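Biologist: Please take a close look at the aromatic rings in this model. I would like the pairs, their geometry and their exposure in one connected account.

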Amino acid sequence: MKLIKKIDIYLLRNFLGLFLATFFIAIFILLMQFMWMHVNDLVGKGIEISVLAEFFIYACASVVPLALPLAILLSSLISFGNLAEKFELTAMKAAGISLFRIMRPLAFAVAMLSVGAFFFSNNILPKSQMKLWALIFSLRQKSPELEIPVGEFYDQISGYHIFVREKTSKGDLLNMMIYDYSGGFDNAKVMVADTGHLAASKDKRYLILDLSQGESFENLDAQQQRTTGTSQSIPYRRETFSHKRILIDFATDFSRYDESVLADQHVSKDFTRLNESIDSMRVVANERSHEQSNKLLQERYFGRETGRTALLPEKVTQDEKRIYNLDSLWNSLDAVRKNQVLTMAEEKAHTYGDQIAYNSIMLDDAERYIRKHQIELYRKFTLAFACLIFFFIGAPLGAIIRKGGLGAPVVISVVMFIVYYIIDNTGYKMAREALWPCWAGMGLSSFVLLPIGMFLTYKAATDSPLFNPEAWVIGWKRFVSRVKQLKWFHDVKR
């Protein structure tokens, strides 16, 4: 009993050390991939270090759902691969300890990690997602830092293209050319100046451009057309100036996006709020559906539509209108009334089509809202379940291949994780597009990987040489010999 406890402590110490190392490595790799996706929101905007640190913290929290299963898979594979490679696993089995007993303390630790993953995705992840996206929207609204290059056109100021040939050490701009499209292409302005100086206003909402010794050319075609109706008298205006000041709308300060706007998004809600939102929106969707169906039945069908008998012959009685044959009715109309009937039918068809399209959009919005919340609800459980599945894939796989270190285990883990990511993303898209139920789409990866984990665990427990080429050759020869012993094989051969 004391020996077993020491073995448990030894296994847990090795596994937890590898898990922490691989977890932070996975966090770093996924964080770099996330940063690459949002590099345009960060580069060249003069963001403070504190804002960048806040962005990194929230981004790290957002990649945990991907990093945690990958770290468990890699650490369990390396851990059991090292045990098998050093024959420690063989010694334990020789001492009468089964593979399931060896895996028990690690399975308990992974189960605790899975519970922690659920609480993380339910309590911490929604808040971090809300703050992360609020910060991303704030960064997108911030204008880039003003750094006009020399010898090329600068187009980061909306409505302006600025060319500078030289710069002085004091920041003065020499031989400037400015294309101003802020008033539209028809009202384009071209300015050239010997010197210029660009600075931000005190409130950091505007740029002040001071030009000296220059000329401006303004196209007045659009202005002339608005005032006189013609553009032939004044094609452009030329102005020579010794000093000219231009005020440009260019907000350079960093303003926070209101987080309360994102409070109703599915990524910002925990399990309880997701359920409440799904129930409330389902009530709204049912009310909309009943309201639309009742309105169609009362106004459009079963003889309730107004004016349907307005084009009948005047001498037809009310009883005859009910039993009138459509072909005879059409033939009884003259050419003018036939055109009126066709025009009215076309108008009604367009009206009914627009109403049906509007009703469909109203219902689709509610259903899409429900699907997003259901997907986020099931995602909280699939993350925790994926941690368990990856352990029961990595541990027996490491025992079978008997390779530790960062060579083969890393390759196998990456391949398995890519397979998991593709399957999970496919199921997510199926659920998002309403091709599958949400539970089936979000659980697709678990349904596929769970049998693989059970198969590998069984093979490892029975010491099956799954990846031994000689075993496959022997199995193939046995299969061929058994086929040759069958009666139908000899009949076909004859």
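Modeller: Partly exposed means a relative accessible area between the limits for buried, under 20%, and exposed, over 50%. The model is predicted. With 43% relative accessible area, Phe 153 therefore counts as partly exposed. Its partner is Tyr 179: the ring centres lie 5.9 Å apart and the planes stand at 55°, so this pair is tilted. The two rings join distant parts of the chain, with Phe 153 in strand 1 (residues 153-154) and Tyr 179 in strand 3 (residues 173-180), 26 residues apart. Tyr 179 is partly exposed too, at 25%.

That pair belongs to a wider set. The structure holds 14 aromatic pairs. Among them is Phe 118 with Phe 381, a tilted pair with 5.1 Å from centre to centre and 40° between the planes. This pair also links distant parts of the chain. Phe 118 lies in helix 4 (residues 99-141) and Phe 381 in helix 9 (residues 335-401), 263 residues apart. The exposure of the two rings falls on either side of the 20% limit. Phe 118 is buried, because its relative accessible area is 18%. Phe 381 is partly exposed, because its value is 42%.

Some rings group further. Phe 15, Phe 19, Phe 23, Phe 24, Phe 391 and Phe 392 make up one aromatic cluster.

One ring has a charge over it. The charged end of Lys 244 sits over the ring of Phe 241, 5.9 Å from the ring centre.

Methods. Residues numbered from 1 in each chain as written. Predicted model: local features only at pLDDT ≥ 70, side-chain atom pairs only at ≥ 80, totals over all residues. Heavy atoms only, no water. Phe/Tyr/Trp six-rings, centres within 6.5 Å; stacked < 30°, edge-to-face > 60°. Helix = DSSP H or I, 4+ residues; strand = E, 2+ residues; numbered from the N terminus. Buried < 20%, exposed > 50% of the residue type's maximum accessible area, 1.4 Å probe, protein only. Lys NZ or Arg CZ within 6 Å of the ring centre and 35° of its normal.
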